[in-house]
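Hi everyone, thanks for coming. I'd like to walk you through one structure today, so let's put it up on the screen.

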There are 2 protein chains.
Amino acid sequence: MKWTDLDDNWCPVARTLSLVGDRWTLLILRDCFLGMSRFDQFVSSTGATRHLISDRLKRLVEADILEKRAYSERPKRFEYVLTEKGQEFAPALIAFRDWGKKHLPVRRATQR
Amino acid sequence: MKWTDLDDNWCPVARTLSLVGDRWTLLILRDCFLGMSRFDQFVSSTGATRHLISDRLKRLVEADILEKRAYSERPKRFEYVLTEKGQEFAPALIAFRDWGKKHLPVRRATQR
DNA sequence: GCTCTTCAGTTCTTATTTGGAACTTATGGC
DNA sequence: GCCATAAGTTCCAAATAAGAACTGAAGAGC
């Protein structure tokens, strides 16, 4: 079964996962909440390949979670900003952050 | 970059994702919160392959999010139950559920 | 005893997705 | 003319997942 097949699952958690339940997608959203909006920012911040970022941004725009808009006409340059639907995803990321802070402390250099 | 490389990222969201930022892992956790605990239950409930479930359960046990314990000695049978660390992941799933309920309504048969 | 069923996996081969790096296109600056 | 920047796309190799069949231990029914 493919993960996109979850999009009409009875469970709202599964439907949500079919759309954003992927590390890179969630990292892109995190970046948006941190104020980033441009392609190359996402690439360097997440460490994902350009290919992946390109694909995930397309999905997010299609799902109306991000909006792609031109901030420059010549040369053509775009930025991605959270829609209201996207903004409302904040509680999920906050829950991830809090859980990570509590249960996954950063390992120190001495422990590596 | 591989996703497991996120485990010592400065960002708690990224660290959390390196552990559970994968659809099947999150679906397994959802099932645990719904009261499921056995291998075949996870397989049929999530629709993932047995291979995947096997792999993800191993990770979750290793991360101390689930505990594997025998509920029968002869024949050997196991169940997987949430640890306290796992229990505390609930807010994230609740956020996913609420967002999905609000923004991703189930499509009806007539629309397919 | 023999066959069927359940559970908790493992193994196998094939298909899909990712990773990594280079290339493209449009423009601006020096 | 040459280099840089932004936002992608293209290519091939490597890693991961899909799907189905197989294993092993035991119990239930006949």
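Before I compare the chains, a word on how that is done: copies are superposed by least squares on the C-alpha atoms of residues with pLDDT of at least 70 in both. And please keep in mind that this is a predicted model.

So, what rotation superposes chain B on chain A? The rotation is 180 degrees, with 0.0 Å of shift along its axis, and the RMSD is 0.1 Å. The two copies are therefore related as by a two-fold rotation axis. The same surface serves both copies, as 100% of the contact residues of chain B recur in chain A.

Now to the DNA. Around strand C there are 21 residues, and those that come nearest are P75(A) from one chain and R38(B), F39(B), R50(B) and S54(B) from the other. If you look for the elements that each supply at least two residues of that surface, you will find α4 (50–62) of chain A, along with α3 (39–46), α4 (50–62) and β2 (77–82) of chain B. By class, this surface has 10 charged, 7 nonpolar and 4 polar residues.

Let's turn to DNA strand D. It is surrounded by 19 residues, and here the closest are R38(A), F39(A), R50(A), S54(A) and P75(B). Two or more residues of the surface near strand D come from each of α3 (39–46), α4 and β2 (77–82) of chain A, and from α4 of chain B. The classes here are 9 charged, 6 nonpolar and 4 polar residues.

Next, the inside. The largest nonpolar core has 49 residues, and the members touching the most others are I28(A), A92(A), I28(B), L29(B), A92(B) and F96(B). Both chains build this core: α1 (12–20), α2 (23–33), α4 and α6 (90–103) of chain A, and α1 (12–20), α2 (23–33), α4 and α6 (90–103) of chain B, give two or more residues to it. Take A92(A) as an example: leaving aside neighbours within four places in sequence, its contacts are A92(B), A95(B), F96(B) and W99(B).

One last residue, R69(B), which sits in strand β1 (residues 66–72) of chain B. Is R69(B) buried or exposed? It counts as exposed, because it has 10 C-beta neighbours inside 10 Å, and the cut-off for exposed is 12 or fewer. Beyond its neighbours within four places in sequence, R69(B) is in contact with F78(B), E79(B) and V81(B). V81(B) is 12 residues from R69(B) along the chain, and their C-alpha atoms are separated by 8.0 Å.

That's my tour, thanks for listening!

How values were computed
Residues numbered from 1 in each chain as written. Chains lettered and ligands numbered in written order. Predicted model: local features only at pLDDT ≥ 70, side-chain atom pairs only at ≥ 80, totals over all residues. Near = placed C-beta within 6 Å. Helix = DSSP H or I, 4+ residues; strand = E, 2+ residues; numbered from the N terminus. Nonpolar A, V, L, I, M, F, W, Y, C, P; charged D, E, K, R; others polar. Contact = placed C-beta atoms within 7 Å. Buried ≥ 20, exposed ≤ 12 C-beta atoms within 10 Å, placed from the backbone. Core = buried A, V, L, I, M, F, W, Y, C linked by C-beta atoms within 7 Å.
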